[in-house]
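Reader: I am new to this one and would love a friendly tour. Could you show me the structure, and then let me ask how you know what you say?

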Amino acid sequence: MSNDNSLLEYSEIVMKMFNSEDEGFEFYNDYAYEKGFGVRKDYCEWDSGHNEKTLRKFVCSCEGFRVEKHLTREIKMRRSRNITRCGCPAKLVIALDHNTEQWYVKDFIDEHNHSMIEPDLSCFLRSHRRISDEQKAEIVLLQISGIRKHQIMDIMLKRYGGYDRVGFTSRDLYNFLHRNKLHTLSPGDAQTLINYMIVQKRRDPDFSFQYKRDGRGHLTGVSWCDFESQMDYRAFGDVVVFDGTYKTNKYNLPLVPFVGVNHHKSTVLFACGVVAHEDTKSYVWLLRSFSDAMSQKHPVSVITDRDLAMQKAISIVWPNASHRLCGWHIENNIVSNIKDAEVKEGIRCFLYDRCSIEEIEKKWLEFLKKNEVIDKDSWLYQMYERRKVWCAAYHASKRYLGLRSNQRSESLHSRIQFNLDRKMSLVELLQHFDNTVQKLRIRQANLDFEASYKPCLEPDASIIVNEAAERFTPSVYYADVQYSLKTVSKCFLIEEMDGYNIVEYKVGRVDKGDKQYFVECEICVHEDKVKEISCSCLKLQSLGTPCSHIFFVLGLRGESKLPDCCVLERWTMGAKRGFPPTMKSTMYDYSDSVQRYHELHNISQMTSFAASQSLEAYERLKRVLEEEAAMILPNRGEGEGGRKRFGPVLTQGGLDDYAESYNVLDPICVPGRGALKKKMKSSSDKSNKKCTLCKEEGHNRRTCYLRDEVS
């Protein structure tokens, strides 16, 4: 019975006619999948003018033999692959009939000299592994969304129901993304990045970017910011935090984001830059580029790490800005440089003590004398010399909004590094960085929505409490203002000194011992209301929210309204009032075909889920889709521009107005400033390396002739 079936199957195949060579290959490949072997294209013939193929031979993937030189090679750098070719005679030969313009079966041999692959393993044969166009589009979309390659593979496996249904392996996925990356960056990594920014500038005149090259044309620095970042800086650019200690690309260039705090006390991005050298000159260029993008508006305060080049650049470009070193880095340096616990605690006090400058200077002299700090090259003396940029007493009256460290920049770096690695190109860095920024902006939009509702207060809350909750954003109210309001009950009046239009209150707190605070009120004489108010604790000046002493005095005076001087506009929902509506990010501009695919995919996904709930609807939708597929798939073309696109379009040409932006070469990989990751080896070490098995030179244990004996 099996012989009869085989003869019937053979006769059906030899009678087959195909409209094209590709149709013939697909037929033979599907046949091979069912039987358990793979196929490949082999010999072909052309007509006399070499214009058209007239014959094509398809063979079993086991046809032929491995070239002998690969078998007899003495020195092998890697282990040889398994033998897959055994001279299998199976083949299908099709030829073109010029009369009918169809392809017919000229020869068919279905005899194999090897065993067939198990049905559940046929999917691993090369001819049966193929990433379809729709899968490619989805893979690229997932990749630019920040999902790692192995996670993309997991998603695709679950989407299609297993490794035998997805149609490709993880290696195929990695190879496709690598080829797609090579095509995207065909003009060069740096040139592609500059081209993208030029196109962004054309679409949005407010988009700002600058770059610089060295004498040989290599990119050495680039900075950029979009319109929304510029609006955020206008509203929240009083305090800027940045550092460039992280290398997140294959060139080992530091990524330097400029960040701050918005009206919800969450991180906001102002701009970003990449520089090739962490020296004063590079940082001066970066800061000036930042200032140019922000219409020369300088920040009030800046927080950075201990980078001396960065500190010098700040003093050159932003001479009037208050500069403070990151408290977290200072803490780490204290731990690593000081071993004595008493000395360690003594210098740590300077980091947080907010006493007067005269008092802190006196404490420093006593500390140096007590610990006999004489050597000017010692770490303690160097910290004393630089005390004005890290001791809290020198920054008590300056606005830092409660920030003591560059934790905002560190937090952003941690978000970025979740998706980045040292093998990424600059374009990939830009894409993944944009993903992180979009997440920050989505969070801000969500907080804006939550701020449209008033916080839940006690029924007997005072007028001042209600107004504070009304005017400040909920995040600021719960984080800072509410604490000050709760501690009002701990305040008590010591003395009131009345004047014509100035009234000063001496206030104490039961939990602060004998410490006294002086609250000064400027009174509007005609209305007997507080016009201006300040406190010696300086919380209003530094943090931007009233302290408990101010709230105590306002309650003592029976004020029915919170003075405007107590409400910093940057902490309110009106911080961005009057600004133009923000513009949607144009990072993801797809070709028309991919945009149509996304639209159809969304519609079909919704319809498919609804139809799957009913057998009747499922059968009807399946029939319609199969009919459409039968009409569309045979006529699909190569896509727009002669090549199918699966992801965002990064324009490569049409930049005649920016002739000076051509021929931007990729950056030169620069060494890091820290300790070497591993011991460097000289070329002589490599040549003298010995095998661990035979102890001879010139090879290793993987290629040693004793390997078979040992195993």
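**Cavities, burial and cysteines**

Author: Happy to help! Let me begin inside: helix 10 gives the largest share of the lining of the largest cavity, four residues. Please keep in mind that this is a predicted model.

Reader: What makes a space in this structure a cavity?

Author: A cavity is a set of points where a 1.4 Å probe fits but cannot get out. The structure holds three cavities of 30 Å³ or more, and the largest has a volume of about 70 Å³. Among its 14 lining residues, Ser223, Trp224, Ser289, Phe290 and Ala293 are the closest to the centre.

Reader: Which elements give two or more residues to that lining?

Author: They are strand 6 (208-213), strand 7 (219-225), strand 10 (267-275) and helix 10 (280-293).

Reader: How do you know how many residues of the lining of the largest cavity are charged?

Author: Asp, Glu, Lys and Arg count as charged. Sorted by class, this lining has 10 nonpolar, four polar and no charged residues.

Reader: And what lines the second largest cavity?

Author: This cavity has a volume of about 50 Å³. Its lining consists of Asp232, Asn262, Thr267, Val268, Leu269, Val437, Leu440, Arg441 and Gln444. Helix 17 gives the most, with four residues, and strand 10 supplies at least two.

Reader: Why do two residues of that lining count as charged?

Author: Asp and Arg belong to the charged class, and the lining includes Asp232 and Arg441. The other residues divide into four nonpolar and three polar.

Reader: Why is Cys326 called buried?

Author: Buried means under 20% relative accessible area. Cys326 has 1% relative accessibility, so Cys326 counts as buried. Cys691 also comes to 1% relative accessibility and therefore counts as buried. Across the protein chain, 44% of the 711 residues count as buried.

Reader: How many disulfides does the structure hold?

Author: A disulfide is a covalent bond between the sulfur atoms of two cysteines. To count here, a pair of cysteine sulfur atoms must lie within 2.5 Å. The structure holds zero disulfides.

Reader: Could you finish with the whole chain?

Author: Gladly! The protein chain has 25 helices and 16 strands. Among its contacts with a separation of 6 or more, 61% join residues 24 or more positions apart. The accessible surface comes to about 40100 Å², and 51% of that surface belongs to carbon and sulfur atoms.

Notes
Residues numbered from 1 in each chain as written. Predicted model: local features only at pLDDT ≥ 70, side-chain atom pairs only at ≥ 80, totals over all residues. Heavy atoms only, no water. 1 Å grid on protein atoms, 1.4 Å probe; cavity = no way out; pocket = protein on both sides within 12 Å on 5 of 7 lines; lining within 4 Å. Points joined across faces, edges and corners; volume = space filled by probe spheres on them. Buried < 20%, exposed > 50% of the residue type's maximum accessible area, 1.4 Å probe, protein only. Contact = heavy atoms within 4.5 Å. Areas by Shrake-Rupley, 256 points an atom, 1.4 Å probe, with all protein chains shown as cover.
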